[in-house]
Amino acid sequence: MQKSVRYNEGHALYLAFLARKEGTKRGFLSKKAAEASRWHEKWFALYQNVLFYFEGEQSGRPAGMYLLEGCSCERAPAPPKAASGAAGGKDALDKQYYFTVLFGHEGQKPLELRCEEEHEGKEWMDAIHQASYSDILIEREVLMQKYIHLVQIVETEKIASNQLRHQLEDQDTEIERLKSEIIALNKTKERMRPYQGNQEDEDPDIKKIKKVQSFMRGWLCRRKWKTIVQDYICSPHAESMRKRNQIVFNMVEAESEYVHQLYVLVNCFLRPLRMAASSKKPPITHDDVSSIFLNSETIMFLHEIFHQGLKARIANWPTLILADLFDILLPMLNIYQEFVRNHQYSLQVLANCKQNRDFDKLLKQYEANPACEGRMLETFLTYPMFQIPRYIITLHELLAHTPHEHVERKSLEFAKSKLEELSRIMHDEVSDTENIRKNLAIERMIVEGCDILLDTSQTFIRQGSLIQVPSVERGKLSKVRLGSLSLKKEGERQCFLFTKHFLICTRSSGGKLHLLKTGGVLSLIECTLIEEPDASEDDSKGSGQVFGHLDFKIVVEPPDSAPFTVLLLAPSRQEKAAWTSDISQCVDNIRCNGLMTIVFEENSKVTVPHVIKSDARLHRDDKDICFSKTLNSCKVPQIRYASVERLLERLTDLRFLSIDFLNTFLHTYRIFTTAAVVLEKLSDIYKRPFTSIPVRSLELFFATSQNNRGEHLADGKSPHLCRKFSSPPPLAVSRTSSPVRARKLSLTSPLNSKIGALDLSASSTTSSPTSAYSPATSPPPHTAVLETVSGDRTVSESNPALDKAELSPCRSPSTPRHLRYRSPGGQTADNPHCSVSPASAFAIATAAAGHGSPPGFNNSERTCDKEFIIRRTATNRVLNVLRHWVSKHSQDFEFNNELKMNVLNLLEEVLRDPDLLPQERKATANILRALSQDDQDDAHLKMEDIIQTPDCPKAECFETLSAMELAEQITLLDHIVFRSIPYEEFLGQGWMKLDKNERTPYVMKTSQHFNDMSNLVASQIMNYADVSSRANCIEKWVAVADICRCMHNYNGVLEITSALNRSAIYRLKKTWAKVSKQTKALMDKLQKIVSSEGRFKNLRETLKNNCNPPAVPYLGMYLTDLAFIEEGTPNFTEEGLVNFSKMRMISHIIREIRQFQQTFYRIDHQPKVTQYLLDKTLIIDEDTLYELSLKIEPRLPA
């Protein structure tokens, strides 16, 4: 009997050689010997399903091999060690990794192996498991089971088929029998019927006629039905049904996206933050998590159910019944009220939590999740705010395409009315939180962070690019020219204006912002604006000629460091006027609020000032006004609804003027009133201030800080003494050799000792040339300082070296006589218990900007303190509003000559006022000069100038123009068209009316220009007959679009990408096959940026975070937003009040549009390029384009 098995040894050695070189797994393992549990170290090599082992790594011949097919590998425990063994040996065994290979039958002993590292052992086990083909065997077993099952099915089917065959044969036999019976019956019938000849044989012509008649009847019937179907397809009802179905499909897509957004909010932020709050060192508390997210999880569950219901309705298409879904949804939508009312508080809590470095780091880690797609937590918290208005618009569109007799029309109308009620409650909160979201977005852009933006009372005003002129020693400005390339590059700054601070940043190449180390954050309370730097000074001599009157200066006097000056250049006079107007308004607000803070008792970040609490008309709802719960930039409750009279009253209230209210009013006043009414109100305020201002306003304005002087004398420790004027103003006088005299008032109190003195010097809007000096190089000129001294503090003795008359306020040459302090009863000026009324303080602050006593004042009239102050304050208010109106809304006067003449007459009347202060006179002259200019944009090109350019060079062809030239001129043309749109065309949805060409001509021109440029791109591609030329043309246009993106011309990007996505271009498969992969990837990137998905979500994020003016956004995005607001709420309530919350939202959008309109590109006009771009003879209409496309690449046969 043969005991050994023969095998092909040579082939086995060859496989061993391959295992050594190319084995799946190779390395040293310890193999357990058969005797005495001894272990031998061998070098193993695994190749396919054969495991070879060698005596050493260099051995050429294997010591043995194992066939692994069908085996299994599993972990084995470490063998027990004898108790007498060393402890070190036991530890070494514990660290080794044991595993066993089982061969699946009793005749073969298992192979026991071990290695030093656990991960190496796991790798060996995985490799052996794959080599055993166990997965294949399992799969084979499964397949065999399926095969057996299929064989059984086949056998069953064979039996069934045989049975059916027998049944068919039986049926055939039965049919034959029945046929024979029918034949027999017919024969019997023929015998019974009399003979009728061959009448049944009809004439062949008659048969043909009948056949033709039958065909004609069928054709006429089919034609009739075809006409009926075509008429219905073209009918308004069918069109409404198609639009209705499309609205529902879009609603399902939008709901799906919204549910996904809520899913990301809950799973990427809410639940991880809950876990973080439960950690040992929580970066956030559970209360803060609940405050930030509130009921977000409940909202997600609700909309998941609603989304499932919508998908179930789509399954029953084309019968789309949705009313019952809304009936279920409506009672649950009240949870949105709680979310919306909490939204502003939510963002405030989030801003406070972000001051914790650990939380901020953790939040950035969550936001880096790919599911967030680069969006911040604030963005996700905002999405639920817009869902209810989106439902309202959807229902409005559904009802527009739902017949009146439709079964669910009443239910849809009921749902729409309920949603509108809920939306009215939500509108205020949506508007109020926009400012917080904007501040947080800017704070994220700054690399170093900016804590002042986490103050929820900060209101964003404007942003843009300005050029900062560097300073040299001795305070003199370097003599540089505006056209200097180095100045433009090195001095360009990204500036942000808020109600309390002015930020100056530099932008890195990556798009991030960095605050300047010195002067990056300017507190406006420490700033003085000088619009026209003094030409007589050495440091700015001839600046008007050097900088073209585009410069303005900000003098900063911090309390804890040396003063310094910031000189900035604006790109244009119009933009300079806008910047200086906003800065001056913010400074005025701060100073007015600061004065009220000192005069009245209480004022803080969280409480409403006493001046507001004292007047119920400023915070309590009435029949003609309704307030929201939040405060504006002057800490006054924002108006929600109000009558026109109350809005005009707020505009002219002398106690405060919020810049956000002023912007909103001037943007939208034409919706609810006329310019003539506004001007008439301003004229009344100037001419008859006492009759035009509410009595309560006057009473509070002149309320004294101490009603009974004797009480304070009796009680020197009264708590009122630390907040109100409780001492006469000691006057410190210093003499300098300079003949220039300037006065600066500083109202300080212990309450404000930390922030320094309140600067009530000359208004920034009316800086006089004589008030400008260089604080860094020379001591301040002649100054007067008004200070408050607490009741228990005495005034230090006067310097005996100075004349007593010089120390007296009564002898100050620049203080009006009626404002000079006179002690009652002959008391001296250092009596600490005399009081100054708020009216006197305001008068001193107003008069402080003057430099010497104004000529023409009648001393007897100045004794009437209140009358003089109220007239000066009313004049300042009128000039302030007119300055803002003229500088930022000049189009109102360009198209309304009557309004312009009335304003000129009013200003001339103001100039004739003999009591006019110098700064008021200068402000009036500045407004007159700005109003008298023919056009502020004369230096900038207009579309008419380009079209009517004389001696135009011959337009070049597409091949000779570079991509850079095309992109620059496209950007220039797009911005010229975009900036020409007057902001009044954005009101009232005029672009959607039948007479849109008359109501919004410039919006329609912008739309037409967009279509012409898109048609030009498509036509240029179709002009080429060969495939390679078309592919090269596409690549060049994509390069042009990418350059437009770099220049922030997103309108141009969309013009080109929309042309490339037209059906005539998109179907050219052979052409696109020739386009490079890099170009296709670049086009996908550009399309993603300007995609309309999610209401242009990506484009909004790009404009918000990575784009500063100059830029050309896509106008359609803003028109969609405005339509969204217009459709959601009416302009007036049922009581006839103006919906000012809606006006505020419209104003925010218009302000963003105008921000991009007012910043110009520095691109030179090239007539040869623009002539090509504006040549309409090159444009091919849509039908001809498609015919050319079919001719170039015909359709493939089906």
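Author: One term first: a residue is buried when its relative accessible area is under 20%, exposed when it is over 50%, and partly exposed in between. Keep in mind too that this is a predicted model.

Reader: Okay, so how many helices and strands does the protein chain have?
Author: Quite a list, and its elements are counted as DSSP runs from the N terminus. The protein chain comes to 46 helices and 20 strands.

Reader: And what share of the residues of the protein chain counts as buried?
Author: Let's use the cut-off of under 20% relative accessible area. Out of 1198 residues in the protein chain, the share that counts as buried is 50%.

Reader: Let's zoom in on one helix. How many of the 14 residues of helix 13 are buried?
Author: Helix 13 runs over residues 387-400 and reaches 20 Å from its first C-alpha to its last, close to the 20 Å expected. Among its buried residues are Gln387, Pro389, Tyr391 and Leu399. The helix is largely enclosed by the rest of the structure, because the number of its 14 residues that are buried is ten.

Reader: Now the open sheet of seven strands. Which are its edge strands?
Author: The strand order is 4-3-2-1-7-6-5, with antiparallel pairing. An edge strand pairs on one side only, and here that picks out strand 4 (64-67) and strand 5 (72-76).

Reader: By what angle are neighbouring strands of this sheet turned against each other on average?
Author: The sheet in question is the open one with antiparallel pairing. Ignoring direction, its neighbouring strands are turned against each other by an average of 35°.

Reader: What is the bridge partner of Lys25 in strand 2?
Author: Strand 1 (residues 25-32) pairs with strand 2 (residues 39-47) in the antiparallel sense, over eight bridges. Lys25 has its bridge partner in strand 2, and that partner is Leu46.

Reader: Do tell me about the helices there: what angle does helix 3 make with strand 6?
Author: Start with helix 1 (residues 9-22), which lies across strands including strand 1 and strand 4 and runs at about 90° to strand 2. Helix 3 (residues 118-131) also packs on the sheet, where it touches strand 5 and strand 7 (111-115), among others. Its direction and that of strand 6 (97-102) make an angle of about 10°.

Reader: How far apart in sequence are the parts that Trp39 and Tyr98 tie together?
Author: The model has 20 aromatic pairs. In this one, the ring centres of Trp39 and Tyr98 are 5.6 Å apart and the planes sit at 75°, over the 60 degrees needed, so the pair is edge-to-face. Trp39 belongs to strand 2 and Tyr98 to strand 6, so the separation in sequence is 59 residues.

Reader: Which of the two is it, then: is Tyr98 buried or exposed?
Author: Its partner Trp39 has 22% relative accessibility, so Trp39 counts as partly exposed. Tyr98 has a relative accessible area of 3%, so it counts as buried.

Reader: What kind of pair do the rings of Phe1010 and Tyr1114 make?
Author: The ring centres are 5.8 Å apart and the planes stand at 50°. Stacked needs under 30 degrees and edge-to-face needs over 60. The angle of 50° lies between those limits, so the pair is tilted.

Reader: And where does Phe1010 lie?
Author: Phe1010 has 13% relative accessibility, so it counts as buried. Its partner Tyr1114 is in the loop between helix 42 (1093-1105) and helix 43 (1115-1128), 104 residues away in sequence. Phe1010 itself lies in helix 36 (residues 1001-1022).

Reader: At what distance from the ring centre of Trp579 does Arg462 lie?
Author: Charges sit over rings in more than one place, so to speak: Lys1005 has its charged end over the ring of Tyr1002, 5.0 Å from its centre. Arg462 lies over the face of Trp579, and its distance from the ring centre is 4.9 Å.

Reader: Where is Leu294 found?
Author: Leu294 has a positive phi of about 50° although it is not a glycine. With 30% relative accessibility, it counts as partly exposed. Its place is the loop between helix 7 (286-293) and helix 8 (296-315).

Reader: Last one: what is the relative accessible area of Lys1142?
Author: Lys1142 is in helix 44 (residues 1140-1157). Beyond its neighbours within four places in sequence, it is in contact with residues including Ile1125, Glu1126 and Pro1130. Lys1142 is buried, with a relative accessible area of 2%.

Key: Residues numbered from 1 in each chain as written. Predicted model: local features only at pLDDT ≥ 70, side-chain atom pairs only at ≥ 80, totals over all residues. Heavy atoms only, no water. Helix = DSSP H or I, 4+ residues; strand = E, 2+ residues; numbered from the N terminus. Expected span 1.5 Å × (residues − 1). Buried < 20%, exposed > 50% of the residue type's maximum accessible area, 1.4 Å probe, protein only. Pairing = 2+ DSSP bridges. Axes fitted to C-alpha atoms, helices over the stretch in contact; angles between N-to-C directions. Contact = heavy atoms within 4.5 Å. Phe/Tyr/Trp six-rings, centres within 6.5 Å; stacked < 30°, edge-to-face > 60°. Lys NZ or Arg CZ within 6 Å of the ring centre and 35° of its normal.
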